[in-house]
Amino acid sequence: SHYPKRKINSFRLLTEMRDETSHTKSIRVPKTVSLGAAVIDLRFEIEAFPDFGESIQSKKFSYELGGKALNMAVGARKQNAESFLIASIGNDPFGEYILDALRDFGIETRPLRNTLAKESNVTGVFVNQAGESAFVGAMKDSYQSNLENCIKLTGELSGYCDVLFLSLEIPIALMEYALSGFVNENTLVILNPSPNTTTIKALSS
């Protein structure tokens with residue numbers, strides 16, 4: 001691949017599932033849906049964080065794929081699952097880079113067509129010598145685009161998936177739609193509670 005190496009948190013999926021029409025076990029490919037953000041991380045390695053008004057040069061610069069939903073979709077695909085990603089992708093060079101990378105991984109991109117936002121989501125990642133990171137996001141996520149993608153994918157999946165990945169990068173209303181559209185009694189739902197602590201408090205109250 002001509003893309004930069006990507007650090008992906010992988011996980012193990014159970015691919016041995018019971019065929020309900022017979023009383024035997026059969027091997028089939030699980031369907032996974034990841035709903036959230038797909039971003040480009042612009043990474044700067046620096047000696048120290050600059051003060052306001054100060055200009056410095058980074059020791060190293062790189063860019064790579066990011067976003068919790070995208071990372072989870074890639075992790076699922078690496079475990080040979082049928083992986084669907086629902087995210088807002090920009091109609092710009094960053095968006096083309098993301099779409100090309102998704103195809104390279106074998107992640108399903110059909111639900112993303114015709115709902116491209118004007119700009120892609122990007123995050124500036126600044127890492128000092130101690131390994132401490134600071135993040136500056138430019139999130140252009142479109143609730144409407146993600147909702148339209150959810151609606152389209154609901155039809156394609158016949159209303160269910162085996163594993164649904166969510167995170168607090170997205171509004172609760174969008175999570176509720178996904179839960180009503182993709183989940184049945186056998187669906188495993190995994191929620192990444194990062195990064196919105198305000199939402200966590202609201203959910204727990």
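What share of the contacts in the protein chain with a separation of 6 or more comes from residues 24 or more positions apart? I looked this up before anything else in the predicted model, and I noted that such residues account for 72% of those contacts.

**Whole chain.** I then turned to the secondary structure, which I recorded as five helices and ten strands for the protein chain. Of the 205 residues in the chain, 41% are buried, and I wrote down an accessible surface of about 11,700 Å², with 51% of that surface belonging to carbon and sulfur atoms.

**Helix α1.** I went next to α1, which spans residues 68–78, and listed its buried residues as Ala69, Leu70, Met72, Ala73, Val74, Gly75 and Ala76. Looking for what covers these buried residues, I found that the cover includes the strands β3 (31–35), β5 (60–66), β6 (82–86) and β9 (163–167), together with the helix α2 (93–105). Following the chain past α1, I came to Asn80, and I noted that its phi is positive, near 70°.

**Glu54.** My last entry concerns Glu54, which I located in the loop between β4 (39–45) and β5. Is Glu54 buried or exposed? I entered Glu54 as partly exposed, because its relative accessibility is 43%, and this value falls between the 20% limit for buried and the 50% limit for exposed. I also checked where its side chain goes, and found that the side chain of Glu54 reaches the backbone nitrogen of Asp51 at 2.8 Å.

Conventions: Residues numbered from 1 in each chain as written. Predicted model: local features only at pLDDT ≥ 70, side-chain atom pairs only at ≥ 80, totals over all residues. Heavy atoms only, no water. Buried < 20%, exposed > 50% of the residue type's maximum accessible area, 1.4 Å probe, protein only. Helix = DSSP H or I, 4+ residues; strand = E, 2+ residues; numbered from the N terminus. Contact = heavy atoms within 4.5 Å. Areas by Shrake-Rupley, 256 points an atom, 1.4 Å probe, with all protein chains shown as cover. Polar contact = N/O pair within 3.5 Å; in protein donor to acceptor, adjacent residues only side chain to side chain.
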